[in-house]
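Student: I'd like to go through a structure with you before I get back to the bench. Could you put it up so that we can talk it over?

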Amino acid sequence: MIARAEDDGKLVFQDGSSIYADVIIHCTGYSYHFPFLKMKGLISVDNNRVGPLYKHVFPTCLVPRLSFICIPYLAFPAQPSELQSKWVAKVLSGEVVLPSEEEMMSSVQEHYQRVEELGWPKHHTHRLEIGKVGTDLSFLSSFCYTYSTNWTPKKIKNIKCFVDYY
């Protein structure tokens, strides 16, 4: 545990040890809360389930006016957030057309059913399945070019292994 951070970049831990750091990333967990949005019941946050969100990004009744980037977890956030951002841009530009509101709601309901089948509590709605992170995100690559031509679900699987250490 960090006891203090000094002006020169030195981090002193509670046990007295220290290191120099360029960056500190606080991974504190999240409770989704959007007090700045007047949602009027169109989007809800119930036990950390934000919804209904098509593919964790688009509120089904507000497409394309509102989108959420990087809601899913158990993935290295840089790749999904980049892909989600490109997907949103393509939707906003008209280059990609989303399914009808009814089809998106059906997909959301199927996802909710899958969460129940896995025995996950509601607050894990946006958790990506261990071992399926690449599959869960691969639909995005069909809409967007990635920053690397070598990007594949196999590489995401390697990231999943990194996440498993938590």
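Tutor: We can take the strands, then the rings, the cysteines and finally the backbone.

Student: Before that, what kind of model is this, and how are the residues numbered?

Tutor: This is a predicted model, in which local features need pLDDT of at least 70 and side-chain atom pairs count only at pLDDT 80 or more, while totals for chains, interfaces and linings use all residues. Residues are numbered from 1 along each chain as its sequence is written, and side-chain values use heavy atoms, with hydrogens and water left out.

Student: OK, strands. In what order do they sit in the open sheet?

Tutor: The open sheet has three strands in the order E1-E2-E3, with antiparallel pairing. Strands here are DSSP runs of E with at least two residues, helices are runs of H or I with at least four, and both are numbered from the N terminus; two strands pair if DSSP finds at least two bridges between them.

Student: Which strands stand at the edges?

Tutor: E1 and E3 do, and since each has a single partner strand, one side of each is left without a neighbour in the sheet. On average, neighbouring strands of this sheet are turned by 25° against each other, direction ignored, where the axes are lines fitted to C-alpha atoms (for helices over the stretch in contact) and angles run from 0 to 180 degrees between N-to-C directions.

Student: How many bridges join E1 to E2?

Tutor: Three bridges join E1, residues 2-5, to E2, residues 10-13, and alanine 5 stands opposite leucine 11 in E2. The hairpin of these two strands has four residues between them, and glycine 9 takes a positive phi near 95° there.

Student: And what about E2 and E3?

Tutor: E2 is joined to E3, residues 18-20, by three bridges, and the two run antiparallel. Lysine 10 has tyrosine 20 in E3 as its bridge partner, and valine 12 has serine 18. E2 and E3 also form a hairpin with four residues between them, where glycine 16 in the turn has a positive phi of about 95°.

Student: Switching topic: how many aromatic pairs are there?

Tutor: The count comes to four aromatic pairs, taking rings of Phe, Tyr and Trp (its six-membered ring) as paired if their centres lie within 6.5 Å, with planes under 30 degrees apart counted as stacked, over 60 as edge-to-face and the rest as tilted. In one of them, phenylalanine 34 with phenylalanine 36, the ring centres are 6.1 Å apart and the planes are at 85°, so the pair is edge-to-face.

Student: Are those two rings buried or exposed?

Tutor: Phenylalanine 34 is buried because its relative accessible area is 14%, whereas phenylalanine 36, at 62%, is exposed; buried means under 20%, exposed over 50% and partly exposed in between (1.4 Å probe, protein chains only). Another pair is phenylalanine 58 with tryptophan 87, whose centres are 5.1 Å apart and whose planes are at 85°, so this pair is edge-to-face. The pair links distant parts of the chain, 29 residues apart, with phenylalanine 58 in strand E7 (residues 58-59) and tryptophan 87 in helix H1 (residues 78-93). Phenylalanine 58 and tryptophan 87 are both buried.

Student: Which charges sit over rings?

Tutor: Arginine 49 lies over the face of tyrosine 112, at 3.7 Å from the ring centre, and the charged end of arginine 127 is over the ring of tryptophan 120, 4.7 Å from its centre. The rule asks for NZ of Lys or CZ of Arg within 6 Å of the ring centre and within 35 degrees of the ring normal.

Student: How many disulfides does the search find?

Tutor: A search of the whole structure finds zero disulfides, a disulfide being a pair of cysteine sulfur atoms within 2.5 Å. Cysteine 61 is partly exposed, with a relative accessible area of 27%, and cysteine 70 counts as partly exposed at 31%.

Student: Last topic, the backbone: which peptide bonds are cis?

Tutor: The bond from glycine 51 to proline 52 is cis, with omega near 0°, and proline 52 lies in the loop between E5 and E6. A cis peptide bond also joins valine 63 and proline 64, with omega about -5°.
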